[in-house]
Amino acid sequence: MREKRMESLLEYIEKSREEAERVGSSVKDFRVFDFSFIPDKPLVRPETKRIIDCLVRYQQSGIPRHLVIVGPRGCGKTLTFRYLAKALKEKLGLPFHGVNCRVHNTSFKVLANILKMHPRGYAYSELCERFEQTIPGPAVIVLDESDMLCEKDVRKDVLYFLSRSKRQYSVVLLSNNPRYLRSLDESTRSSLQPEYIHFDSYSAQEILDILKDRAETGLKTVDEAMLGEIAAMTAKNIGGDARVGIKSLLYCATKEAESVQVCFNKAREDVIADVLSNTNEKSLLILKAALLEPTRLVKAVYQQYVALCRQYREEPYGYTQYYAAIGFMASLGILVLVSAKVDRTFSNRIELLVTADQIDAAIAKRFH
Ligand SMILES: Nc1ncnc2c1ncn2[C@@H]1O[C@H](COP(=O)(O)OP(=O)(O)OP(=O)(O)O)[C@@H](O)[C@H]1O
Ligand SMILES: [Mg+2]
């Protein structure tokens with residue numbers, strides 16, 4: 001009996017391999033579809049030249065130029081800086097050091113990660129000292145997803161240290177939170193005095209250019225009509241998040257589903273599930289409250305939210321922070337705010353772009 005089962009499993013493995021080979025045969029290079037892949041010639045964002053001007057001047061004068069770059073998800077912030085780091089190191093010898101604050105979310109961990117040291121066993125001041133010894137400057141320090149620095153790290157010590165250091169580092173902060181700059185405290189802002197650059201979301205044409213390049217390097221045949229369809233949906237339905245476009249392209253090429261629309265929906269769901277898994281507990285409870293509140297009106301959802309927080313023993317946001325969190329989630333493509341007429345006045349209603357199952361799954365993972 002057991003042998004039979006074994007045999008059928010072996011048969012299944014063989015079948016599965018054949019199937020994977022069949023669908024994979026249209027792909028020349030799977031690496032091209034990895035989100036961390038750096039294309040040889042990325043689409044150049046119009047803002048890139050301003051960034052280059054800033055950094056060239058910094059290298060020439062040694063006078064720090066700090067930058068805050070804000071733009072929606074998947075608009076090329078990380079890619080632009082990974083590309084520039086390589087290009088400016090080669091062309092000007094300007095060193096770049098980058099760290100992702102979602103993964104390394106305290107001042108301490110940020111410095112330790114750049115120094116490739118284990119964060120335990122050192123005092124913060126020791127790390128700062130070591131940092132200045134190891135990285136003499138000029139150097140560009142890029143803090144990616146910098147709004148993910150722990151909320152408890154209120155003064156954002158690392159920003160204070162980097163911007164005041166005698167080593168004259170240039171600090172670049174990347175974020176997809178439109179309120180990021182305002183969220184920094186006064187003294188941090190005044191010691192940074194950053195130049196603010198906004199990345200707009202990609203248009204359908206820009207997404208099309210990005211997808212064409214991926215298709216040409218990664219696939220055996222290029223279907224222009226399909227690329228156009230994916231690009232249009234990506235720009236219209238998910239705020240131009242290039243990740244969804246790239247993933248849809250892979251799904252279409254490997255025949256994950258028959259129609260382009262279904263492949264797109266699947267890619268969009270995958271990317272949103274990833275966003276939810278990185279959303280903080282308070283925001284997840286706001287989404288849950290929106291599910292529970294039949295009117296979905298912002299004020300009524302807040303009441304539900306406060307009640308839910310009690311249930312989950314979570315300190316609720318005040319109303320202003322709650323509203324900011326909603327705006328932030330809208331920028332991530334998790335929800336949209338629509339104006340609704342209620343009793344002759346207008347109120348905002350929350351329309352969720354994620355399913356109840358996705359929200360419940362994210363909550364179950366976070367609260368045990
Ligand atoms: N200009 C571009 N040319 C080629 N590929 C791009 C371009 N912009 C973005 N991409 C691709 O789209 C995906 C998302 O880009 P990226 O990671 O840079 O977005 P982001 O703005 O950092 O998003 P987030 O706010 O979520 O961190 C990546 O796979 C990246 O390679
Ligand atoms: Mg990024």
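These legends go with several views of one predicted model.

**View 1. The whole chain, seen as one object.** Here's the full fold, built from 16 helices and 7 strands. Stretched along its principal axes, the C-alpha trace covers about 70 × 55 × 50 Å. Of the 368 residues, 43% count as buried. If you take the contacts between residues at least 6 apart in sequence, 69% of them join residues at least 24 apart. The chain exposes about 20,000 Å², with carbon and sulfur atoms supplying 51% of that.

**View 2. Three domains in one chain.** The assignment gives domain 1 (2-28 + 215-276), domain 2 (48-198) and domain 3 (279-366). Notice that domain 1 is written as two stretches of sequence. The centres of domain 2 and domain 3, taken over C-alpha atoms, are 32 Å apart. Where these two touch, domain 2 puts in 8 residues and domain 3 puts in 6 residues.

**View 3. Inside the largest nonpolar core.** This core has 62 residues, and the ones touching the most other members are Leu249, Leu287, Tyr305, Tyr322 and Ile350. Domain 1 and domain 3 each give it at least three residues. Zoom in on Leu287 and, setting aside neighbours within four places in sequence, you'll find it in contact with Leu276, Met329, Ile334, Leu335, Leu352 and Ile359. Apart from this core lies another, of 28 residues, including Leu111, Ile114, Val158 and Phe161.

**View 4. Helix α6 and what covers it.** Helix α6 runs over residues 157-164, and its buried residues are Val158, Leu159, Phe161, Leu162 and Ser163. An α-helix has 3.6 residues a turn, so residues three or four places apart point the same way. Look for that pattern with Val158 and Phe161, both on the buried list. The cover over these buried residues includes helices α4 (107-114), α5 (124-134), α7 (180-183) and α8 (186-192), along with strands β3 (140-144) and β4 (170-175).

**View 5. A cis peptide bond in a loop.** Gly137 and Pro138 are joined by a cis peptide bond, with omega at about 0°. You can find Pro138 in the loop between α5 and β3.

**View 6. Two residues with positive phi.** Gln168 has a phi near 55°, a positive value even though this residue isn't a glycine. Gln168 sits in the loop between α6 and β4, and at 38% relative accessibility it counts as partly exposed. Arg296 isn't a glycine either, and its phi is about 60°. Look for Arg296 in the loop between α13 (281-292) and α14 (298-311); with 24% relative accessibility, Arg296 is partly exposed.

Technical notes. Residues are numbered from 1 along each chain as its sequence is written. Chains are lettered from A and ligands numbered from 1 in the order in which they are written. This is a predicted model: local features need pLDDT of at least 70, side-chain atom pairs count only at pLDDT 80 or more; totals for chains, interfaces and linings use all residues. Side-chain values use heavy atoms; hydrogens and water are left out. Helices (H or I, at least four residues) and strands (E, at least two) are DSSP runs, numbered from the N terminus. Buried means under 20% relative accessible area, exposed over 50%, partly exposed in between (1.4 Å probe, protein chains only). Contact means heavy atoms within 4.5 Å. Accessible areas come from the Shrake-Rupley method with a 1.4 Å probe; for residues, only the protein chains shown count as cover. A nonpolar core is a set of buried Ala, Val, Leu, Ile, Met, Phe, Trp, Tyr and Cys residues joined through side-chain atoms within 4.5 Å. Domain bounds come from an automatic or database domain assignment.
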